[in-house]
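Visitor: Could you take me in for a close look at one part of this model? I'd like the charged pairs, and then whatever sits around them.

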Amino acid sequence: MSDAKIKKFRVGVASCGVAAGADAVLELLSARATVPVEGTGCLGHCYAEPLVEAVLEDGKSVFYGNVKADEKSIENILNLGEEGRFEVPALRKAIEKVKVLALAGRINPTDFDDYVAHGGYAGLRKALTMRPEEVVNEVKISGLRGRGGGGFPTGNKWSFLAAKQADEKIVICNADEGDPGAFMDRSLMESAPHQVLEGMLIAAHATGATKLFIYCRAEYPMAIKHLKIAIDQIYEHKLNHVDGRELEIIVKEGAGAFVCGEETALIASLEGGRGTPRFRPPFPTDKGWKGYPTMINNVETFGNVPLILNEGGAKFAEVGTEGSKGTKLFALAGDLKYPGLVEVPMGTTIAQIVFDIGGADRDSVKAVQTGGPSGGCIPAELFDTPVDYDSLKKLGAIMGSGGMIVIGRNRCMVETARYFLSFTHRESCGKCTFCRVGTTRMFEILERITAGKGTEEDLALLEELGPKVRAGSLCGLGQTAPNPVLATLRYYRHEYEAHVKDHCCEALECKALVDLFLDQSKCVKCKLCIKSCPVGAISDNFVIDNAKCTRCNSCAAVCPKHAIRRVKKGSN
Amino acid sequence: MDQKYSFLEKIGREPSNLIKGLQAIQGAEGYVSDESITAVAEYFGIPEVEVEGVLSFYAQFKRVKPGRFKIAVCDGTACHIKGSVQIQEWISSALGIKSGETDKNGTFSLETVACLGCCSLAPVMSINGRVYGKLDRKNTIKILKEYEAK
Ligand SMILES: Cc1cc2nc3c(=O)[nH]c(=O)nc-3n(C[C@H](O)[C@H](O)[C@H](O)COP(=O)(O)O)c2cc1C
Ligand code: FES
């Protein structure tokens, strides 16, 4: 291998890579290498970040994972050493189907020519040779459904806007990605911004749009930067001249409100006001931004569009299930070995994603949460369920946008439900009483239960309130907010009951229901725990005063012998 | 209008740019002061209460001056599962401030946010936009010390 010649290096410098230290690796490698070193996007293997790819003269590549920014690691890479080589796990390779993310981590995201050299804008060129209604029809044939969570057929939505006669027609890309725990859209925008924009330009041709917006959450500075650079390049190459119209493409930054991902709230926010949803109808395609017909699609939805044009709708529809076509990106995180981004055909089972790709330990997984705070948990017993819009709905969960959080057996499901309600009640815009007050009451009840002060009536109350909040709310936020509670009550009722009847949190997560215990037989009297305790709860003879202790776990975290652990309250 | 806010001129005057204007103010000063609200209201030709209404709706906007180093601890789902609450408690007790507060010297301010998009590295925090992942007690305290020395 040592005589193979290196053509260039690529370093993954999307936000996740940078957070792992990839910028320092890029800098050091650039200083030392005699061949070009490029920054690229995210390959999805976040667990192996920072990732370096050595592209060889013969077209092959060698990857290095978890690269450190030190002389030794860099030297090893420059010499194509055997150490630290990274390979995609075989199981993952067999299941995943990389289509939408094909260019992520393969191109320089802000290099227009690189995108074009990899087939970029061929979809747009093809679309422009077709009549608008033919393009809409192609999208219909593909069976593409909205990736923003709702799963509405994209071709139908396009045809609504196309049918409108108006001075201005608006297309909006929803890049608010509010589900905490999801990062598919971020990754796609950072790694292949032109792909999303190409999808939007194709939509503009198909629907007769005059203005394009991208509403991106402010927490994604790199995505915003890459989009802006890409838009300048589009202007430069006049790709925004579509059917004689000169399209304006505008990036607007969100300002930190989950509800602004809902389409009518998003429009209100784009108009500069408070992002409160309104009643539909009229639907945005009838009356949207400043009253003009407006169509909203998700980032990943647009990311799929160039593929549909390139390979044709019928070919696209060959992948997936009866009702859900194509592939889906999932952001895997939580209690598993290989967190990251994966792309799989619709219909892949949860077990395949969580165990085979995510490397989660079969015995230690309790559930997954899909769809974030609007979704539901799916217990491990049901992991044979294929991921498609309809199967997940049947379980009381939703596909959502693609966040998939693996929850281990050591987590308390009541606490998890409490966490989601703390989020939704905070993010409720306050317009609907049932959402504003109802989610607050549900949150308070869950606080009570996790504090060990709940009663059996509280469980009945949750079950009564849930459907009411669902029915009495205008937008999806309130309509779905009870989901995590109702789903955990359905599958993990025994945990709720243990909290209210026996004041016991099996997972030892709820602070009010645990004590800290120092096992004298393991203790080596190093005093690190005593030093770390912020409230002086550990005596000189190493006994924890649980009346003083705040359960902050500092002592357990510093103990070199793992002599300190949580136990059921009052049990020692 | 106060000369200090002349950079608003670069942003179109239509009210749909209000949020953009406020973001520009916060970008320049780190927060939105009473004084800047007056300037923004005047510039866009809308009542101050309306500006306040928009400000209070969005979590991004700060009404008090933040510290030199802005710590944002992620409490998104992935980070929560991975123990973000504890990370935040450790930071709180190390710096003596709670979420939403700034310390006395104006060095650190602490806030809790929902998801920085680096969930695979959970638990995560950012300081002045730089993201740190895979936090535990030891490296969190170490990072704080490094900033303190700056
Ligand atoms: C509370 C709430 C939050 C939402 N957040 C998002 C989001 O962050 N990103 C997104 O694409 N769609 C989000 N949606 C769905 C949008 O309203 C809309 O259905 C979607 O953007 C349409 O695009 P699609 O058809 O391509 O999926 C949210 C909906 C609700 C009710
Ligand atoms: S949940 Fe913390 S970065 Fe996403």
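Guide: Here's a walk that starts with the whole chain, goes on to the salt bridges and ends with a few single residues.

One thing up front: this is a predicted model, so take everything below as computed from that prediction. Chain A is built from 24 helices and 18 strands. Its radius of gyration is 26 Å, close to the 25 Å that the globule rule gives for 572 residues, so chain A is as compact as a globular protein of that length. Along the principal axes, the C-alpha trace of chain A spans about 80 × 65 × 40 Å. Of the 572 residues in chain A, 59% count as buried. As for how the chain meets itself, take the contacts with a separation of 6 or more: 70% of them are between residues 24 or more positions apart. The accessible surface of chain A comes to about 21,900 Å², with 51% of that belonging to carbon and sulfur atoms.

Now the charges. Chain A carries 70 positive and 71 negative side chains, and the centres of those two sets lie 3 Å apart. Side chains of opposite charge can pair when their charged atoms come close. Searching the whole structure, over all chains, turns up 43 salt bridges.

The part I'd zoom in on is the pair Asp335(A) and Arg411(A), whose side chains meet in a salt bridge at 2.6 Å, N to O. Asp335(A) lies in the loop between β12 (327–334) and β13 (340–345) of chain A, while Arg411(A) lies in the loop between β16 (403–408) and α17 (413–427), so the pair ties together parts that are 76 residues apart in sequence. Is this pair buried or exposed? Asp335(A) has 15% relative accessibility and counts as buried, and Arg411(A), at 13%, counts as buried too. The cut-off behind that word is under 20% relative accessible area.

Stay around there and look at Ile407(A), which lies in strand β16 of chain A. Ile407(A) has 0% relative accessibility and counts as buried. Leaving out residues up to four places away in sequence, Ile407(A) touches Asp335(A), the acidic partner in the salt bridge we just looked at, along with Val365(A), Lys366(A), Ala367(A), Gln369(A), Met413(A), Thr416(A) and, over in chain B, Ile81(B). One of those neighbours, Gln369(A), is 38 residues from Ile407(A) along the chain, with 7.4 Å between their C-alpha atoms.

Follow helix α17 of chain A and you get to Glu427(A). At 18% relative accessibility, Glu427(A) counts as buried. Its contacts, again without residues up to four places away, are Ala257(A), Phe258(A), Val259(A) and Leu477(A). For a sense of scale, Glu427(A) and Gly323(A) are 104 residues apart along the chain, and their C-alpha atoms are separated by 32 Å.

Two other salt bridges make handy reference points. Arg85(A) and Glu82(A) meet side chain to side chain at 3.8 Å, N to O; Arg85(A) is partly exposed at 30% relative accessibility, and Glu82(A) is exposed, with a relative accessible area of 61%. In chain B, the side chains of Lys4(B) and Glu35(B) form a salt bridge at 3.3 Å, N to O. That pair links distant parts of the chain, 31 residues apart: Lys4(B) sits in the segment before α1 (18–29) of chain B, and Glu35(B) is in helix α2 (residues 34–44). Both partners count as partly exposed, Lys4(B) at 42% relative accessibility and Glu35(B) at 40%. Beyond pairs, there's a network of salt bridges linking Lys8(A), Arg10(A), Glu38(A), Glu53(A) and Arg106(A).

Two last stops in chain A. Val18(A) lies in helix α1 (residues 15–19) and, at 18% relative accessibility, counts as buried. Apart from residues up to four places away in sequence, Val18(A) touches Val13(A), Asp23(A), Met222(A) and, from chain B, Arg130(B). His194(A), in helix α10 (residues 193–207), counts as buried at 1% relative accessibility. With the same sequence neighbours left out, His194(A) touches Pro109(A), Phe112(A), Tyr115(A), Tyr121(A), Ala230(A), Gln233(A) and Ile234(A).

Technical notes. Residues are numbered from 1 along each chain as its sequence is written. Chains are lettered from A and ligands numbered from 1 in the order in which they are written. Side-chain values use heavy atoms; hydrogens and water are left out. Helices (H or I, at least four residues) and strands (E, at least two) are DSSP runs, numbered from the N terminus. The radius of gyration is taken over C-alpha atoms; the globule rule is 2.2 Å times the number of residues to the power 0.38. Buried means under 20% relative accessible area, exposed over 50%, partly exposed in between (1.4 Å probe, protein chains only). Contact means heavy atoms within 4.5 Å. Accessible areas come from the Shrake-Rupley method with a 1.4 Å probe; for residues, only the protein chains shown count as cover. Lys and Arg count as positive and Asp and Glu as negative; His and the chain ends are not counted. The place of a charge is taken as NZ of Lys, CZ of Arg, CG of Asp or CD of Glu. A salt bridge is a side-chain nitrogen of Lys or Arg within 4 Å of a carboxyl oxygen of Asp or Glu.
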